[in-house]
Structures are given as C-alpha cells and as structure tokens.
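Dear colleague,

Please find below the sequence and structure that I am handing over to you. My notes on what was found in it follow directly after.

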Amino acid sequence: MATRAGAGAAVAGAAVVAVLSAALVLYGPPLDAVLNRAFPLHTARSVTDMEAALQLVRNVVPPLAAWQHKGQAGRIGVVGGCPEYTGAPYFAAISALKVGADLSHVFSTQDAAPVIKSYSPELIVHPVLDSPSAVQDVEKWLPRLHALVVGPGLGRDDALLENVKGILEASKARGIPIVIDADGLWLVAQQPALIQGYQKAVLTPNHMEFSRLAEAVLGDALDGRDRCRAVLSLSRALGNVTVVQKGEQDVISDGEQVLTCSQEGSSRRCGGQGDLLSGSLGILAHWALLAGPEKTNGSGPLLVAAFGACALTRQCARQAFQKHGRATTTTDMITELGPAFSRLFETSAGADGGAAPTGELRL
Ligand SMILES: NC(=O)C1=CN([C@@H]2O[C@H](COP(=O)(O)OP(=O)(O)OC[C@H]3O[C@@H](n4cnc5c(N)ncnc54)[C@H](O)[C@@H]3O)[C@@H](O)[C@H]2O)[C@@H](O)CC1
Ligand SMILES: Nc1ncnc2c1ncn2[C@@H]1O[C@H](COP(=O)(O)OP(=O)(O)OP(=O)(O)O)[C@@H](O)[C@H]1O
Ligand SMILES: [Mg+2]
C-alpha cells in the first residue's frame with residue numbers, strides 16, 4: 001500500500017496538465033486572451049497538476065457496492081465493425097467492459113458480427129448495421145444505453161455511413177453522450193453539421209483525422225501549429241464539442257479549457273490503441289456526466305472523462321511495454337486495463353463498497 005502522493009510520484013514522470021480558465025471564456029473573450037492567460041500554466045510540469053486532474057477522474061468513478069444491480073455501472077454501445085475491420089469494435093467494446101461497464105453492445109454489419117462474437121462471449125453483438133432497417137434496429141436499443149462509441153472499424157461504405165447518420169440523429173435526440181472515433185470522424189469531416197453544437201459529443205482524432213477535421217471545419221489543416229491553440233479552435237468552431245487530439249501528448253479541449261495529458265506511455269504505435277481509448281472514454285463519459293459538475297470542480301465532465309481515458313490508455317501502454325517490449329500489441333494493453341485503472345484511479349473506498357475516501361491509492 002502506498003500513499004496517493006507516492007503513487008502520484010510513480011506515475012507522474014511526464015504528465016503535464018494545463019488548465020485554462022473557464023470563466024474567461026464564459027464571457028466570450030477572444031482566443032488569444034484565453035491562451036495568453038493559460039500558457040504560463042501550460043508550461044508548468046507539476047505532480048500537483050497531474051494529481052489534481054487524476055483526482056477529478058477518481059471523483060467520478062462510481063464505487064463498487066453490494067446494492068447495485070447489473071446495468072447500473074453502465075451500458076455502452078459501439079457502432080462499428082465491417083468485413084475489413086472486426087478488431088477495432090472488439091477492442092473498444094471490451095475496453096468499456098474492463099474499465100467497469102456492466103454491458104457492452106456492438107452494432108456491426110451482418111457478416112462482421114459472428115467474427116466479433118467469436119473474440120469474446122462477453123460482448124452482445126447485433127448484426128444490423130447494413131440492414132435497411134439499421135436506424136430503427138439500433139434506435140430501439142438506445143433507451144437502454146448510457147453512451148455510444150461511433151466509428152471503430154466502421155469503414156467508409158456510403159450506405160453504412162448513411163445509416164450511422166440516422167443513428168447519430170436519434171442518439172442526439174435522446175441526449176446520449178457520443179464518442180466519435182476513426183471512420184465516424186471521416187463522416188463528421190464530410191458533414192460537420194451532424195455534431196455541430198452537440199456538447200455531449202467527444203471527438204478523438206489521431207494526427208491524420210485531426211488535420212482532416214480542421215480542414216473541413218476551419219478551412220486549414222492547422223499542421224505544425226501550436227496544438228493547444230489548434231484543438232481549442234476546433235472545439236470552439238464545432239460549438240464546444242470536446243476534442244481529444246491524440247499524439248505524443250494528448251491535447252483535450254471543450255472550447256473553454258485545455259488539458260494536456262503526457263502520462264508516460266510507450267513508443268509502440270501498433271493499431272488498436274485508439275480503440276482502447278475510445279471504448280474506455282465511452283464509460284468514463286457516462287460516469288462523469290452522471291457525477292455532475294460538483295465532482296469535477298467546475299471543469300467540464302467530458303474534459304475530465306477524456307483526460308482519464310488518455311491517462312489510462314497510456315498507462316496500459318507503459319505497463320504492456322514493460323512486459324512485452326517491441327512485441328506489444330493492443331491485446332497486451334487490454335490485459336493491463338485492470339491493473340492500470342487501479343494504479344491511477346482506484347481508492348480503497350472505490351474497492352470496498354463506498355466507505356469514506358481514505359486518501360490512499362491501492363497498488
Ligand atoms: N484491428 C482492427 O480492426 C483495427 C482497425 N482499425 C480501423 O481501421 C479503420 C481505418 O483507421 P486508420 O486509423 O487506420 O485510418 P486510415 O486508413 O486513414 O490510415 C491508415 C494509415 O495510413 C496513414 N494515412 C492515412 N491517410 C494518409 C495520407 N493522406 N497520407 C499519408 N498517410 C496517411 C495513417 O496515418 C495510418 O497510419 C478504422 O475503422 C479503424 O477503426 C484501427 O482502429 C486499427 C485496428
Ligand atoms: N507519439 C506518441 N507517444 C506516446 N503515446 C502516443 C503517441 N501517439 C499516440 N499515443 C497514444 O496512443 C493512443 C492511441 O493514439 P493513436 O494516435 O495511435 O490513435 P489511433 O491512430 O486512432 O489508433 P488506432 O490504431 O486504434 O486507430 C493514445 O492514448 C495516445 O495518447
Ligand atoms: Mg483510430
């Protein structure tokens with residue numbers, strides 16, 4: 001057992017957290033004013049800053065308690081999976097489960113479904129995405145879902161993307177939090193209006209996906225620009241949709257604040273790590289919105305959830321790399337989800353059924 005401060009020091013290494021003043025933006029000052037005010041903080045490398053952000057994540061993690069019944073910890077849907085890509089929706093859906101969701105659904109094409117099921121008996125897989133009634137087929141499940149992750153392994157077939165447009169509209173109408181990744185971002189780059197102003201959406205672009213979105217929304221790929229400024233600009237242009245730009249550091253903004261996560265990860269860039277992140281974010285987004293702003297100390301719940309998913313993904317990468325080195329793949333990282341989550345977020349209160357927090361982190 002180690003104190004939280006001790007554990008923080010162990011995981012701190014390369015974490016940088018920059019917090020921009022939300023209040024400034026609420027009154028609508030120009031971008032430069034926000035950034036000028038923020039950058040002195042951004043350059044600070046501090047365990048306290050990282051600890052503060054990790055603590056906000058801990059605040060929104062629900063305790064494991066004997067009174068809960070199946071489903072209460074979260075029911076997540078992943079929209080993706082086509083003949084070419086079956087791994088991505090699996091990675092996202094199993095990650096949501098291993099972070100703590102009770103049920104994880106996948107809505108895939110008909111022929112991808114048996115393949116995805118064969119990877120895991122734990123996933124509920126609906127072979128509906130290429131059906132003419134896809135939107136209605138998914139819509140009837142929406143009342144039972146707490147969050148959707150749209151895009152991992154979706155592919156770019158026009159008919160499928162048309163169905164996903166309908167699913168997005170139906171989900172927005174119900175106020176469901178939506179994480180959009182991979183080919184879902186391809187769709188948003190074609191039609192940004194689909195998520196414009198929907199503040200329960202989180203976009204998780206990699207380098208290439210960010211350039212595509214920035215070009216579509218701002219008319220400039222923003223390559224080589226300051227990343228905090230670029231992510232803040234894109235988020236604002238989309239009407240405060242939360243944007244997570246993945247990279248050497250992950251930069252996160254909801255148009256009001258910017259967080260930078262430099263939790264130590266690994267130098268392996270094998271495919272699927274982004275899927276682990278988007279699935280984890282699906283459940284963390286639900287928890288953070290449920291917890292409410294008092295638990296996140298005024299920061300946007302989705303900003304906190306995104307920081308948590310980034311830190312967790314990077315910690316999994318680090319732990320897996322320590323064991324497997326160059327041979328590390330996303331499956332090895334998924335094995336680390338439990339230990340990495342405990343190391344970063346689990347207090348003894350979370351594990352023993354909701355007693356008062358003790359300020360200690362279980363290692
Ligand atoms: N095991 C699986 O099933 C996996 C499936 N994946 C899925 O694969 C699909 C495609 O996602 P990707 O992230 O691979 O996207 P892309 O197909 O756009 O990118 C593939 C690779 O080509 C590069 N690239 C793309 N456009 C380029 C350009 N114009 N110039 C130079 N290089 C370029 C990218 O950087 C990337 O390394 C998504 O549905 C995604 O979810 C990935 O998540 C990885 C794992
Ligand atoms: N240069 C880097 N150094 C450290 N971590 C990185 C680096 N680039 C990306 N990551 C981390 O890897 C994770 C996935 O990001 P990546 O850019 O690989 O996503 P992706 O391309 O969408 O992945 P996928 O193959 O699942 O589609 C994120 O948590 C991110 O923090
Ligand atoms: Mg990806």
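**Confidence of the model**

Within the protein chain, the highest confidence belongs to strand β6 (residues 178-180), with a mean pLDDT of 99, and the lowest to strand β11 (residues 360-361), with a mean of 25. Please bear in mind that this is a predicted model. The pLDDT is below 50 over residues 1-48, a stretch that nevertheless has 95 contacts in the model beyond near neighbours in sequence. Residues 349-363 also have a pLDDT below 50, and this stretch has 40 contacts beyond near neighbours in sequence. Across the protein chain the average pLDDT is 86, and 82% of the residues score at least 70. For the complex, the predictor gives a pTM of 0.88 and an ipTM of 0.96.

**The annotated domain**

An unreviewed UniProt entry places the feature "domain: YjeF C-terminal" at residues 53-344. Over residues 53-344, helix makes up 48% of the chain and strand 13%. The C-alpha atoms at the two ends of this range are 11 Å apart.

**Ligand 1**

Which residues come nearest to ligand 1? There are 17 residues around this ligand, and the nearest are Gly-87, Ala-88, Gly-153, Asp-183 and Asp-275. Two of these names return among the polar contacts. A polar side-chain atom of Asp-275 is 2.7 Å from an oxygen atom of ligand 1, and a backbone N or O atom of Ala-88 lies 3.0 Å from an oxygen atom of the ligand. Arg-212 takes part through its side chain, where an N or O atom is 3.4 Å from an oxygen atom of ligand 1.

On its own, ligand 1 has 830 Å² of accessible area, of which the protein covers 51%. Helices α5 (87-99), α9 (182-190) and α10 (207-218) are the elements that give two or more residues to the shell around ligand 1. The largest share, three residues, comes from α10. By class, this shell holds six nonpolar, six polar and five charged residues.

**Ligand 2**

Around ligand 2 there are 15 residues, and Lys-246, Asp-250, Gly-272, Gly-274 and Arg-314 come nearest. The side chain of Asp-250 places a polar atom 2.6 Å from an oxygen atom of ligand 2. The backbone contributes as well: a polar backbone atom of Gly-272 is 2.8 Å from an oxygen atom of ligand 2, and a backbone N or O atom of Gly-274 lies 2.8 Å from an oxygen atom of this ligand. How much of ligand 2 does the protein bury? Taken alone, ligand 2 exposes 620 Å², and the protein buries 80% of that area.

With kind regards

Conventions. Residues numbered from 1 in each chain as written. Chains lettered and ligands numbered in written order. Heavy atoms only, no water. Near = heavy atom within 4 Å. Polar contact = N/O pair within 3.5 Å; in protein donor to acceptor, adjacent residues only side chain to side chain. Areas by Shrake-Rupley, 256 points an atom, 1.4 Å probe, with all protein chains shown as cover. Helix = DSSP H or I, 4+ residues; strand = E, 2+ residues; numbered from the N terminus. Nonpolar A, V, L, I, M, F, W, Y, C, P; charged D, E, K, R; others polar. pLDDT = per-residue confidence, 0-100. Contact = heavy atoms within 4.5 Å. UniProt positions renumbered as here; feature names shortened; annotations may be inferred.
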